[in-house]
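Q: I'm new to this one. Could you walk me through how to read a few of its features?

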Amino acid sequence: MSRETALPPVESALHENILVLTLNNPPVNALSVEVRCALLAAIDSAADNPAVEALLLVGAERHFCGGADIREFGQTPQPPALPDVVKRIEDSAKPVVAAIQGVALGGGLEIALAAHYRVALSGARLGLPEVLLGLLPGAGGTQRLPRLIGAQAALELMLSGRQLNAEEALKLGLVDHVGEADQALIAGLAYSRQLLAKGGGVRRTRDAQALSEQETQRAAIEAARQQVAQKSRGLLSPQHIIQAVETALDHAFEDGLREERRLFLECLDSPQRTGLVHAFFAEREVLKAPETRAAMPRPLDQVGVVGGGTMGAGIAVAALDAGLLVTLIERDQPALARGCENIEKVYDALISKGRLSAAEKNATLERLSASTDYQTLDQADLVIEAVFEDMAAKQAVFAELDRVCKAGAVLASNTSYLDINLIADSLSRPSDVIGLHFFSPANIMKLLEIVVPDKVAPEVVATAFALAKKLRKVPVRAGVCDGFIGNRILAVYRQAADHMMEDGASPYQIDQALRDFGFPMGPFQVADLAGGDIGWATRQRKAATRDPRARYVQIADRLCERGWFGQKTGRGYYLYAQGPRSASQDPEVLAIIDTERARAGITPRVFSNPEILRRYMAAMINEGANVVHEGIALRPLDVDITFIHGYGFPRHRGGPLKYADQYGLPQVLADIREFAEEDPLFWTASPLLVQLVERGENFDSLNHSH
Ligand code: 3HC
Ligand code: NAI
C-alpha cells in the first residue's frame with residue numbers, strides 16, 4: 001500500500017497519563033508489516049514507561065482499521081504475525097482502550113477485540129468480512145468473538161461478513177460505549193479518563209463468559225452448519241469458521257488459537273482465497289478507466305428513461321432508489337400506464353415482503369414523473385433509452401433527444417447488441433452519446449457495461465462512471481462490438497453448450513455440470529428464464545450473414561416453433577407445470593433433441609461432467625481472450641468482473657480469466673487444439689492466448705498495464 005504521509009506507521013503521543021497509539025497507513029490503516037512492527041514496539045515501550053497508565057488505540061483519518069493488508073496474502077509472510085501483535089495487546093498489564101471511527105474490519109476488529117475496552121463513534125462500522133475473501137478471522141477473532149457475544153451472534157457475523165453499526169455493536173456487547181464526539185481521539189480519551197478515575201483495570205476478552213451455556217451454543221453451531229451446507233456449498237472458509245467456533249466451545253483458549261491458525265493457513269493457501277481476493281481488487285480496478293482519471297463528470301441529478309418495459313422500468317427504479325429525479329417517457333398513454341405499473345410493482349413486492357412501507361413507496365414515487373412528451377426531458381442531465389432492440393426505433397428516439405435535450409445532456413442507450421457508433425453518428429452531438437448496458441432485473445443486477453463509442457467525450461464516460469457509483473452498480477468499460485464484453489462471450493460458450501447437446505449431452509446434464517462448478521444456474525435454465533423468443537429473433541435477424549461453414553444447432557429453433565419460450569410459456573428446455581419454481585425434465589424435449597441429432601447425422605456419445613466443463617470454459621476463455629486482444633475489454637480483470645456480476649460466474653473462482661490462469665493457459669490451449677480437430681472453425685485459438693502461452697505468461701500479467 002502506498003504511503004501518502006511522512007508520519008510513522010504508528011504514532012505514539014502521551015496525553016497526560018494515556019499513551020495514544022495512532023495507526024497510520026492511509027487510506028484504511030491496513031495492518032502491513034510496518035504497522036505490525038511499529039505497533040508491537042509501541043506496546044512494548046509503553047509497558048516499560050511509568051508515565052503511561054493506559055493505552056488508547058485509534059486510527060488516523062477516516063477509519064480505525066480495514067484489517068490485514070490484503071496485498072500481503074500469497075507473499076512470503078513477514079514477522080511479526082498479526083496474532084502475535086494481538087496477543088501482546090491483550091496481555092498488556094495496563095488497560096488498553098480502542099476507539100473506533102469509520103471501519104474496524106477483519107484484523108482491525110481483532111485488534112479492538114484484544115483491547116480491554118471498546119468505544120465506537122456513532123457511524124462506525126464493525127465486522128469480520130474475511131469470509132468474503134475466502135478466509136476466516138485469523139488473529140483470534142474466531143476465539144474471542146464467541147466468548148464475548150456467544151456462538152450464534154459470532155457465527156452470524158463471521159459467516160455473512162456483514163458490518164454492524166455502532167448501535168448494533170453496543171447491543172450485542174461488542175463495544176462498551178457509543179461516543180457522540182466527532183473524533184475517536186476525543187471520545188477515546190474521555191472514556192479512558194473515566195475508566196482510570198473509577199479504577200477500571202485490565203479486562204481480557206479471552207476470559208469473557210458468553211460460551212458458558214454449552215447446549216445453546218452447540219445448537220447454534222449445528223444450525224450454522226446446516227445453513228452453510230445449503231447456502232455456501234463447496235466453499236471452504238465458512239466450514240472452517242464453524243470448526244474454529246466449535247473448537248472455542250470445546251477447548252482451552254490457547255488450543256483454539258492454534259486450531260484457528262491452522263485453519264486460517266489452509267484457507268490462505270486455497271484457490272478460493274486467490275479467486276476472491278482477485279475479485280476484491282478487480283472490483284476496485286474497474287473504476288479506474290482512462291477517462292475517469294482524465295475528466296470530471298458532469299452534474300447528475302435529473303434522469304430521463306425512454307421506454308418503460310422490462311429494462312426501462314428496472315432502470316427507473318434503480319435511479320429512484322439512488323435519490324435521482326426520474327422522468328419516464330413512453331410512446332403512448334396505455335404504454336405509459338403499463339410502464340408506471342411496472343415500476344410500482346417493484347415497490348409493491350417489497351411492501352408485501354415487509355421490506356418497505358407504503359409511505360416510503362409514496363415518497364420515492366414523488367421523484368418520478370411520466371409523460372409521452374419528449375419536451376419534459378429538456379432539463380434532464382442524462383437520458384437512458386430502453387426501447388425495442390431495433391436500430392430505426394432507437395435512431396428515431398435519439399433524434400427526439402437531440403431536438404429537446406439541453407446542451408451537455410448525456411444521451412445513453414441500453415442496447416444489447418446494436419452499434420452505438422451508428423446511433424451517435426446520426427446526431428448533431430455524437431460526443432454526448434454512450435452505451436449504458438444494464439442487466440435484468442436492472443434494479444438488482446450489479447453489472448453496468450459502459451460502452452464507449454468512438455466519438456464520446458471523456459467527461460461523458462466519467463459521468464457514466466459517476467452514475468454507476470450513485471446507483472451502486474459495478475461499472476465495466478467496454479468497447480463497441482456485437483454484444484460488447486458479456487453477451488459477445490456468452491454467444492460463444494452458448495454455442496459450445498449447444499454443440500455438446502447435439503453431440504450427446506442432455507441440457508439437464510450440462511446444467512448440472514455447471515451448477516456443480518458453482519454457477520447458480522446452467523445455460524439452459526438461464527435460457528428458459530430469459531425467454532427463448534429474444535434469441536430466436538436475433539438468430540433470424542442474423543441468419544443471412546451467418547458463416548455458412550459454421551455449425552448451427554437447430555434445437556432451440558424447434559422449441560421456439562412450438563411456442564416453448566421457457567418459464568413465461570410454462571415450458572422450454574424444462575417443463576414448468578406448477579410455475580417457474582417447478583422445473584422438471586421434459587421427455588418431449590429429449591425426443592426433439594434425438595430427432596435433431598438424427599437429422600444432423602450425429603451418433604450421440606457420452607460426455608462426462610468434467611469434459612462438459614472443459615469445453616464450456618475453453619469457449620468462454622478463448623472468446624474472453626479475443627475481447628481483451630481487440631481492446632473491447634481494457635484488461636482481463638474487466639472480463640472477470642463482467643462475468644461475476646452479470647452472468648453468475650462463481651466469485652470464488654475469480655472470473656473466467658482468473659480461472660484460466662489457475663487452470664493453466666497451456667492446458668486451455670491444448671484443450672482448444674484438441675477440440676479443433678473436430679471443428680477447427682469454432683475452435684480457432686485466440687491470438688492472445690497463443691501469445692501468452694508462447695511467452696510463458698498469464699492473463700494476470702496484463703491486469704496491471706493500464
Ligand atoms: N488491505 C490492503 N488494501 C486495502 C484494504 C486492505 N485490508 N482495504 C482497502 N484497501 C485498499 C483498496 O484496494 C483501495 O486501493 P486503491 O485505492 O489502490 O484501489 C483503497 O484501499 C481504498 O479502498 P476502497 O476503495 O474500498 O475504500 P472505501 O472507503 O470505499 O472502503 C473499506 C473502505 C470498507 C475498508 C473497504 O476497502 C474494505 O472493505 N476493505 C476490505 C476489508 C477487509 O476485508 N478486511 C479484512 C482483511 S482480511 C484480515 O483482516 C485477516 C485477518 O483476520 C488476519
Ligand atoms: P420491452 O419490450 O420490455 O420494453 C420496450 C419498451 O419500449 C416498451 O414498453 C415499449 O412500449 C417502449 N417503446 C417502444 N418504442 C418506443 C418509443 N418510440 N418511445 C418510447 N417508448 C417506446 O424491452 P426490454 O426487454 O425492456 O428491452 C429494451 C432494451 O433493453 C432493448 O434494447 C434490449 O436489447 C435492451 N436490454 C434488454 C435486456 C433484457 O434482459 N430484457 C437486458 C439488457 C438490455
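A: Sure, and keep in mind that this is a predicted model. Let's begin with a pair of strands: strand 10 and strand 11 (residues 325-329) pair in the parallel sense, over five bridges.

Q: Which residue of strand 11 does Val306 stand opposite?

A: Val306 has Ile329 across from it in strand 11.

Q: Is strand 10 mostly covered or mostly open?

A: Here's a general idea to start from: side chains in a regular strand alternate between the two faces of the sheet. As for strand 10 (residues 302-306), it is mostly covered, with four of its five residues buried.

Q: What sheet do these strands belong to, and in what order do the strands come?

A: It's an open sheet of eight strands, and you can read across it as 12-11-10-13-14-15-16-17, with mixed pairing. At the edges sit strand 12 (368-371) and strand 17 (474-479), each of which pairs on one side only. From one strand to the next, the twist averages 25 degrees.

Q: How many bridges join strand 14 to strand 15?

A: Three bridges join strand 14 (residues 410-413) to strand 15 (residues 433-438), and the two run parallel. In that pairing, Ala412 is opposite Ile434 of strand 15.

Q: Which helix lies across strand 15?

A: That's helix 18 (residues 458-471), running at about 25 degrees to strand 15. Helix 18 also lies across strand 13 (382-385), strand 14, strand 16 (447-452) and strand 17.

Q: Let's turn to single residues. Where is Lys94, and what is the nearest side chain of opposite charge?

A: Look in the loop between helix 2 (82-91) and strand 4 (96-100) for Lys94. Lys94 is buried yet has no salt bridge. Its nearest side chain of opposite charge is Asp48, 7.3 Å away, and the cut-off for a salt bridge is 4 Å, so this pair doesn't count. There is a polar partner, though: a polar atom of the Lys94 side chain lies 3.4 Å from the backbone oxygen of Ala47. Setting aside neighbours within four places in sequence, Lys94 touches several residues, including Val52, Leu55, His116 and Val202.

Q: And Leu136: buried or exposed?

A: Buried means under 20% relative accessible area, and Leu136 comes out at 0%, so it counts as buried. You'll find Leu136 in the loop between strand 7 (125-127) and helix 4 (141-149). Outside its neighbours within four places in sequence, its contacts include His240, Ile241, Leu263, Phe264 and Cys267.

Q: How many residues apart along the chain are Leu136 and Phe524?

A: They are 388 residues apart along the chain, and 35 Å separates their C-alpha atoms.

Conventions: Residues numbered from 1 in each chain as written. Chains lettered and ligands numbered in written order. Predicted model: local features only at pLDDT ≥ 70, side-chain atom pairs only at ≥ 80, totals over all residues. Heavy atoms only, no water. Buried < 20%, exposed > 50% of the residue type's maximum accessible area, 1.4 Å probe, protein only. Lys, Arg positive; Asp, Glu negative; His and termini not counted. Polar contact = N/O pair within 3.5 Å; in protein donor to acceptor, adjacent residues only side chain to side chain. Contact = heavy atoms within 4.5 Å. Pairing = 2+ DSSP bridges. Axes fitted to C-alpha atoms, helices over the stretch in contact; angles between N-to-C directions.
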